[in-house]
Structure formats: C-alpha cells, structure tokens
Amino acid sequence: MITSQMADAVRAAGGEIRLGAEVASVRLDDRRRASGVVLASGEEIEATIVCSNADPKRTARLAPEEAWSPEFLQDIELLPSNGPVVKVNCALSGLPRFRGLGNGSEAGPEHRGMIVVAPSIDYLEDACRAAAEGRPADPMFCEAWIQTTTEPELAPEGKHTLSVFAQYAPYDLAEGTWDERRDEIGDIVLGTLERYAPGLTDLVEDRLVLGPPDLEARFGLTGGNIFHGEILPDWLFDKRPSAGWHRHRTPLPGLYMCGSGTHPGGGVCGAPGRNASRAVIEDLVAAGDPFPGQA
Ligand SMILES: Cc1cc2nc3c(=O)[nH]c(=O)nc-3n(C[C@H](O)[C@H](O)[C@H](O)COP(=O)(O)OP(=O)(O)OC[C@H]3O[C@@H](n4cnc5c(N)ncnc54)[C@H](O)[C@@H]3O)c2cc1C
C-alpha cells in the first residue's frame, strides 16, 4: 500500500520505474564519477546521479575494485552480513486455536495482533547461541501474523494465511545444507507455534520456507541479512556502512547509497532514502544544477 503510493508519486512527478532490471555495473567516467548504469541485459542508462539501495556489499561489486578506496572496501567487507532469519509462509485450511483462548472458529484478539513466542531472556539466548554454533534453534524465537483476520480477501472464505518470522538459524549450517534441511527447519518453526496452538500443523495446506540463503537468492540480500548488514554498535551512526561515509555519499562522486546498509539502518522507516535524497539535493545545489536535464 505505502510502496504503491510512493510509486504513484514518482510517476506523477515524471519518473519511470523499471522492475526486473538487474544492474550489472555502475558506469564511471574518466574522473571516476558515476555516469549511469549498465543493466545485465547490456542496456546502458546514462545518469547524472546513481543511488543504490542494494546492500553495501552488492553495491561495492557494481564498480571495479580499483575504483574504490581500499579503506572503504575493507569496511564494507567487514560489515557482518550473514542473517539469522527463517521466514515460513503458510496457507491454512482454518483458524488455529491457541491454548486457553477462544473457540477457534472466530478470530479473537489473539489472532489479530503480532503473535510472539519469546518466553524468557534465557530462551532467546539459547536460540541465539544455537545459531552461533551452526545449529538452527529448537525451539525458535517466533513472530507470526495471521493477515487474513484483518484482510480476509487475501484467502478464500474460511481459509487463512500465516507468516512466521523466526530466529535464529545460521546461514552456514554446521551439519548439512539448507537444501537438505529446509523442511526440517520449517518443521521446527511450526512445531514451536504448535506448542501454543495445538493442531496448527494439521491446518497447513501449503508452506514456503525461506532460510538466509533463500532470502539472499530471492531478494538479492547478501547473506540473507534483512537489514543489509547487522545493526550492531560497531556499524551504526558514522560507521554505517563505512567509517566517515555515513552521509550517503561514496568515494565515487555521483554514486550514493540509500538502503538499509546506510545510516540509520534497516527497517521499513524510509530514513536512509530520505537522508540520501537530501545529500543528492545538497550536492546538486552546490554544483549549481539542482534540476539536471531540465534546463
Ligand atoms: C523476511 C523479512 C522480514 C522483514 N520484516 C520487517 C519488519 O517486520 N519490520 C521492518 O521494519 N523491517 C522488516 N524487514 C526489513 C525491511 O524489509 C528492510 O529494512 C527494507 O525493505 C529495506 O529497504 P531497502 O530499500 O533499504 O532495501 P530492500 O527492500 O532490500 O531493497 C533492495 C533492492 O535492491 C535490489 N537489488 C540488489 N541488487 C541489485 C542489482 N544489482 N540490480 C537491481 N536491483 C538490485 C534487491 O533485489 C532489492 O529489491 C524485513 C525484511 C525481510 C527480508
């Protein structure tokens, strides 16, 4: 909803949005200034300003290594990027019933809000430690939503959607691969919820389990990290994504970063994009050309 309204605003202002247009590289002129992009299809698009909301590691790979400053590249490489999230999206044949709550046939408050399984700090620490040791947590820390209780049009009458955001599972499993263990890990996630909603797993008609390597492959997130890099003290404020490069400019003039890997970080907040647009406007005004191409 919000993104489609933002897209409408871009189009209304004369902008064009192209989907499925993978950028293979950022074009640089002979002064190392970004002058456009080259798509994977081979098409070249000229531009005065290039803004990338791909994660910092992906953005860094869009220009030749020798074009960057070594310190910048080193910081980007060190940004911890392996994510610990498993996403499980389910189609349910009916509404789950939670122990001691409601009658299971009508949606109650327990279905409409965010369902969180995080009973204690020790529980969370155990879950986190498991992933640090290369194992999927069992049980998991789960956050879940049944969207159809507030948006029934998302599923046929009487059916429901359930999406679970679970932590922690490592990108690199100590034993086996995600291809070998994806279903088992999906079972752990749903098994965790089953403890609170007995019979839930019998309601699952279909499901999609996405571990960190799947999030990486599907959404172009390095390491499957949902925030383009960990939100840790060493990588915040003036150090995100690289020391001294928190104002969305990069060592390559004309190339800006506007995604979650930049200050102030991830989440659906829009702040990196807003900050980056201000940096772009500031630079264009300073160059005396606030509206390039519209003279
Ligand atoms: C499963 C999941 C659950 C989440 N849950 C929440 C939540 O509950 N609350 C919250 O606040 N945040 C949540 N987030 C995080 C939130 O979605 C991100 O912080 C936010 O989307 C970041 O926006 P962004 O524009 O920086 O990057 P993204 O939305 O990641 O967009 C970057 C885009 O760049 C594209 N890209 C990469 N390389 C190229 C290339 N070479 N050419 C062209 N395009 C490229 C990617 O495909 C992607 O579409 C979640 C993320 C995930 C994955």
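Q: What share of the area exposed by the protein do carbon and sulfur atoms supply?
A: The model considered here is predicted. In this model the protein exposes about 16400 Å². The part of that area supplied by carbon and sulfur atoms is 53%.

Q: How many helices and how many strands are there in the protein, and what box do its C-alpha atoms fill?
A: The protein has 8 helices and 10 strands. Taken along the principal axes, the box filled by the C-alpha atoms is roughly 65 × 45 × 35 Å.

Q: What percentage of the contacts with a separation of 6 or more is accounted for by residues 24 or more positions apart?
A: The protein has 295 residues, of which 41% count as buried. Among contacts with a separation of 6 or more, the share from residues 24 or more positions apart is 62%.

Q: Is Ile 2 buried or exposed, and which residues form a nonpolar surface patch with Ile 2?
A: Ile 2 is found in helix α1, which spans residues 2-12. Exposed means over 50% relative accessible area, and Ile 2 has 63% relative accessibility, so Ile 2 counts as exposed. The nonpolar patch that includes Ile 2 has about 410 Å² of accessible area together, and its other members are Met 1 and Met 6.

Q: Which side chain of opposite charge is nearest to Asp 75, and how far away is that side chain?
A: Asp 75 lies in helix α3, residues 70-78, and is buried. Its contacts, not counting residues up to four places away in sequence, are Trp 235, Pro 241, Ser 242 and Ala 243. A salt bridge needs a nitrogen-to-oxygen distance within 4 Å, and Asp 75 has no salt bridge. The nearest side chain of opposite charge is Lys 239, at 9.6 Å.

Q: Why do the buried residues of α3 line one face of the helix, and within what arc do they fall?
A: The buried residues of α3 are Phe 72, Leu 73, Asp 75 and Ile 76. Seen down the helix axis, these residues are confined to a single arc, so they line one face of α3; that arc is 160°.

Q: Which exposed residues does α3 carry on the face turned away from its buried side, and which elements do its buried residues pack against?
A: On the face turned away from the buried side, α3 carries the exposed residues Pro 70, Glu 71, Gln 74 and Leu 78. The buried residues of α3 pack against α2 (56-61) and β10 (255-257).

Q: How far apart in space are the C-alpha atoms of Ser 93 and Thr 161?
A: Ser 93 is placed in the loop between β5 and α4, and at 31% relative accessibility Ser 93 counts as partly exposed. Beyond four places in sequence, Ser 93 touches Gly 158, Lys 159, Leu 203 and Glu 205. Ser 93 and Thr 161 are 68 residues apart in sequence, and their C-alpha distance in space is 8.9 Å.

Q: How far apart in space are the C-alpha atoms of Gly 102 and Ser 35?
A: Gly 102 is in the loop between β5 (85-92) and α4 (109-112). Leaving aside neighbours within four places in sequence, Gly 102 is in contact with Arg 97 and Glu 110. Gly 102 and Ser 35 are 67 residues apart in sequence, and their C-alpha atoms are separated by 60 Å.

Q: Which residue just after α7 takes a positive phi?
A: Helix α7 covers residues 212-219, and its buried residues are Pro 212, Asp 214, Leu 215 and Glu 216. The cover over these buried residues includes α2, β5, α6 (178-194) and β9 (204-210). Just after α7, a positive phi of about 70° is taken by Gly 220.

Terms used: Residues are numbered from 1 along each chain as its sequence is written. This is a predicted model: local features need pLDDT of at least 70, side-chain atom pairs count only at pLDDT 80 or more; totals for chains, interfaces and linings use all residues. Side-chain values use heavy atoms; hydrogens and water are left out. Patches are made of residues with over 30% relative accessible area and no salt bridge: like charges are joined within 9 Å, nonpolar side chains (Val, Leu, Ile, Met, Phe, Trp, Tyr) within 5 Å. Accessible areas come from the Shrake-Rupley method with a 1.4 Å probe; for residues, only the protein chains shown count as cover. Helices (H or I, at least four residues) and strands (E, at least two) are DSSP runs, numbered from the N terminus. Buried means under 20% relative accessible area, exposed over 50%, partly exposed in between (1.4 Å probe, protein chains only). Lys and Arg count as positive and Asp and Glu as negative; His and the chain ends are not counted. Contact means heavy atoms within 4.5 Å. The arc is that of the directions from the helix axis to the C-beta atoms.
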